[in-house]
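Welcome, and please open your viewer with a selection box at hand. We will walk from one selection to the next.

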Amino acid sequence: MIRHKDHFHGSDLEKIEKMYSIKKEEIVSFSANVNPLGISPKLEQDLSSHIHAIESYPDREYTQLKASIAAYAKADPSQIIVGNGSTELISLFIQITSPKRALILGPTYSEYEREISLFGGRTSYFPLNDKNYFQLDINELISRLNDTLDLLVLCNPNNPTSTAITSSDMRKILDACKIHDIYVMVDETYVEFAPEMDKITSVPLTEDYNNLIILRGTSKFYAAPGLRLGYAITDNEYLLKEIHQKKNPWMISSLAEEAGKIMFSDTEYIQATRELISTERERLYQIFRESGKFTPFYPSANFMLLRIEDKKEDSHSLFERCIKEKMMIRDCRTFPFLSDRYIRICFMKPEDNDRLVKVLLGKH
Ligand SMILES: Cc1ncc(COP(=O)(O)O)c(C=O)c1O
């Protein structure tokens with residue numbers, strides 16, 4: 001049974017459909033954090049001509065796919081591991097390193113803690129603070145690191161705060177972790193949306209730090225969560241060897257392999273996405289900042305965290321108001337360190353964003 005106060009994941013459109021009697025095709029999801037442009041036009045045009053690829057097993061080494069990813073992510077093909085979405089790679093990495101004690105920056109994506117506990121580890125959180133605009137205090141974090149920890153998890157930019165750590169700060173964190181023999185897992189699912197991606201990505205740091213693994217996917221930026229194509233980047237030979245030994249022989253399908261070879265080279269689409277998100281991010285940030293009804297936290301990704309200032313409203317009342325208008329926002333009550341005073345929205349097409357603004361600001 002679905003109760004009214006149930007929490008909905010960004011992909012739970014079937015549940016919503018039943019409960020509110022709205023066709024899921026009509027719902028605009030401001031909760032899934034997926035690129036509003038949909039899949040790459042080049043992919044749409046070319047993939048069907050590769051349909052016969054499914055008549056053969058994929059290349060076990062995924063050589064061509066890894067070469068495409070490496071060129072795109074500015075890494076070396078030997079550093080790449082492909083997997084069934086970044087979720088499978090999070091799981092494999094945790095399974096192989098089986099951390100006993102992990103530290104996670106929170107609030108964040110819940111899957112890290114779940115995987116760590118599935119493999120018998122304990123998690124503690126380093127809280128990002130509303131008073132500090134959810135920005136990380138690097139020195140404070142470094143002072144919390146010690147020899148009893150074996151894993152630090154950072155989502156960069158972070159879901160749901162949309163805050164980011166620069167690569168120069170990441171270097172300081174990695175140096176401290178190296179001293180205490182701590183692995184650092186950086187989830188870069190949203191990094192391609194960041195305004196200055198080169199200042200945020202940790203990929204160049206893999207050359208200097210072998211305690212680092214980076215996870216990326218195609219679900220959000222490439223609007224392809226159903227494709228299940230993710231990849232990890234590391235220069236740690238032990239991890240590369242172990243993951244190769246423990247993984248399934250074919251972690252992704254021939255079709256996902258073909259899709260990956262096409263989509264990373266659609267530069268026009270990549271550019272169009274970055275421009276759209278940049279413009280809408282700045283525009284919506286200013287609108288909410290001036291609204292008096294919300295406090296927006298400055299976003300680095302394709303979504304934004306908002307604190308509700310209107311005492312008559314909470315995250316659930318706003319969720320209900322929006323869903324009745326066929327727009328789904330993220331009620332942030334279930335995130336650790338957040339409450340019913342917070343919602344998260346992602347940036348969609350300008351006309352949809354305008355509609356959402358009207359409903360949230362009570363002007364419809
Ligand atoms: C931070 C973060 N990492 C990973 C994922 C899952 O990605 P994938 O579809 O590549 O498994 C999500 C999905 O919401 C996410 O928000």
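Start by selecting Ile173, which touches Leu136, Ile138, Leu141, Ile142, Leu145, Leu152, Leu154 and Ile165, leaving aside residues up to four places away in sequence; contact means heavy atoms within 4.5 Å.

A note before moving on: this is a predicted model, where local features need pLDDT of at least 70, side-chain atom pairs count only at pLDDT 80 or more, and totals for chains, interfaces and linings use all residues. Residues are numbered from 1 along each chain as its sequence is written, and side-chain values use heavy atoms, with hydrogens and water left out.

Now add Phe288, Ile329, Ile345 and Leu360: together with Ile173 they have the most contacts inside the largest nonpolar core, which has 97 residues. Such a core is a set of buried Ala, Val, Leu, Ile, Met, Phe, Trp, Tyr and Cys residues joined through side-chain atoms within 4.5 Å, where buried means under 20% relative accessible area (1.4 Å probe, protein chains only). Helix α11 (residues 267–291) gives the largest share, 6 residues. Helices here are DSSP runs of H or I, at least four residues, and strands are runs of E, at least two, numbered from the N terminus.

Next, colour domain 1 (13–39 + 268–360) and domain 2 (44–266): both give residues to this core, so it lies between them. The domain bounds come from an automatic or database domain assignment.

For a second, separate core of 23 residues, pick Phe93, Tyr112, Val153 and Leu240, which are among its members.

Finally, show the open sheet, whose 4 strands run in the antiparallel order β9-β10-β13-β12; strands pair if DSSP finds at least two bridges between them. Zoom in on Asp331, which stands opposite Ile343 in β13.

Methods:
Buried means under 20% relative accessible area, exposed over 50%, partly exposed in between (1.4 Å probe, protein chains only).
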